[in-house]
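Let's look at how a pair of helices cross, and then follow one more helix through the fold. Have the model open as you read.

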Amino acid sequence: MSRLACMRAVTRPSIASRFLATVAPTPNSRSDAPPTRHDWSRNEIQGIYDGPLLDLVYRASTVHRQHHDPSKIQLCTLMNIKTGGCSEDCSYCSQSSRYSTPTKASPLLEVEPVLEAARKAKANGSTRFCMGAAWRDVAGRKRGFKRILEMVREIRGMGMEVCTTLGMLTPEQARLLKEAGLTAYNHNLDTSREFYPQIITTRSYDDRLGTINAVREAGISVCSGGILGLGEADHDRVGLIYEVARMPEHPESFPVNALVPISGTPLENNERVPHDTLVRTIATARIVLPETIIRLAAGRNTLSEAEQMMCFMAGANAVFTGEQMLTTPCSPWDVDKEMMGKWGLRGMDSFEQKNVARKEDAAQCPIKIPTGTG
């Protein structure tokens with residue numbers, strides 16, 4: 001996108017205003033939608049979570065329709081751009097250098113293979129391209145970070161939303177990512193504050209919250225959720241939702257991952273999380289985080305089609321699709337297209353979520369995107 005094109009874009013209606021105009025009237029603009037709250041108590045959320053499951057799903061489905069188009073699913077593709085060798089001790093992760101797993105360390109990829117993967121994802125209907133690097137943080141990785149900024153600029157130039165997960169960030173690093181065109185940053189809290197030390201000891205809960213704050217202050221959308229099946233209890237799942245519900249801005253997206261046990265990790269023998277627990281967590285998150293995109297993430301490939309539809313009914317409205325996630329299997333594009341067509345679901349456009357659109361509009365196009373990146 002050239003500087004001239006960028007200047008012209010400012011004179012046109014904003015991303016947010018164009019989006020709201022083209023979809024009105026939709027569930028996003030319904031006057032009967034309850035206001036988004038940031039004052040939930042933990043007991044309130046626990047009461048929602050503990051309710052009769054079918055009643056809970058019905059309530060969540062109603063909230064979902066008040067704030068979202070229920071026929072739309074955001075299609076995201078995730079690529080591992082730097083595999084393994086991470087110094088963290090996350091008990092679920094095969095990329096930790098502390099465990100002997102099938103995942104082998106490899107250097108950061110060059111730019112072109114990543115761009116080719118993004119083009120393929122876009123051609124298959126994905127509108128958000130996510131890149132993950134197995135790092136504790138970005139400190140001391142000046143050349144690698146510069147390469148990632150180039151990836152972000154080029155993929156943003158394709159008209160896609162761009163997300164990264166690179167470990168902990170400083171405010172300055174977050175600012176540079178925003179200037180490059182980054183749409184969202186993923187930094188999961190994983191579980192409740194109380195249970196977290198049983199899963200990770202090399203990074204504190206407040207470290208994670210610090211990165212999320214830096215991302216938000218930079219004007220980047222926040223993607224932060226958790227993993228079910230770590231050995232946590234129901235009150236820990238509620239605790240996770242409670243943490244994000246109290247943030248000054250709810251995360252624009254909330255991934256719900258079902259643990260995929262990997263040989264060699266401390267959690268390799270954990271049992272698969274029950275489907276009803278997954279549904280209950282999604283439904284509770286939908287009620288408490290009404291405007292947030294809720295992403296059915298890792299472990300989705302283990303669910304039947306009917307089980308996935310129940311998750312969508314409960315309020316999930318995004319998935320990872322494509323060849324693979326970071327180190328776990330993913331549902332292929334053709335399978336997802338067939339499933340969505342059968343159930344009357346469509347993919348979201350880029351920047352369709354109103355809160356993401358609002359942040360993009362607020363930037364007023366200062367992003368320096370090179371020309372010729374179709």
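## A right-handed crossing

H3 and H9 cross in a right-handed way (the near helix is turned clockwise from the far one by less than a right angle; anticlockwise would be left-handed). This is a predicted model, where local features need pLDDT of at least 70, side-chain atom pairs count only at pLDDT 80 or more, and totals for chains, interfaces and linings use all residues. Residues are numbered from 1 along each chain as its sequence is written, and side-chain values use heavy atoms, leaving out hydrogens and water.

The axes of H3 (residues 42–49) and H9 (residues 234–245) come within 9 Å and cross at roughly 125 degrees. That makes the two helices oblique to each other (not under 35 degrees, over 145 or 65 to 115). From H3, the contact (heavy atoms within 4.5 Å) uses Arg 42, Ile 45, Gln 46 and Tyr 49. H9 brings residues including Asp 234, His 235, Val 238 and Tyr 242.

## Helix H8 and its neighbours

Now for H8, residues 205–217. At 1.5 Å a residue, its 13 residues should span 18 Å (1.5 Å times one less than the number of residues), and the end C-alpha atoms are 19 Å apart, which agrees.

Buried residues of H8 (under 20% relative accessible area, 1.4 Å probe, protein chains only) include Tyr 205, Leu 209, Ile 212 and Val 215. The buried residues of H8 pack against H7, E4, E5, H9 and H13. After H8 comes Gly 219, with a positive phi near 85 degrees.

## The whole protein

Zooming out, there are 13 helices and 10 strands (DSSP runs of H or I with at least four residues, and of E with at least two, numbered from the N terminus). Of the 374 residues, 57% count as buried.

Note on methods
Axes are lines fitted to C-alpha atoms, for helices over the stretch in contact, and angles run from 0 to 180 degrees between N-to-C directions. Buried means under 20% relative accessible area, exposed over 50%, partly exposed in between (1.4 Å probe, protein chains only).
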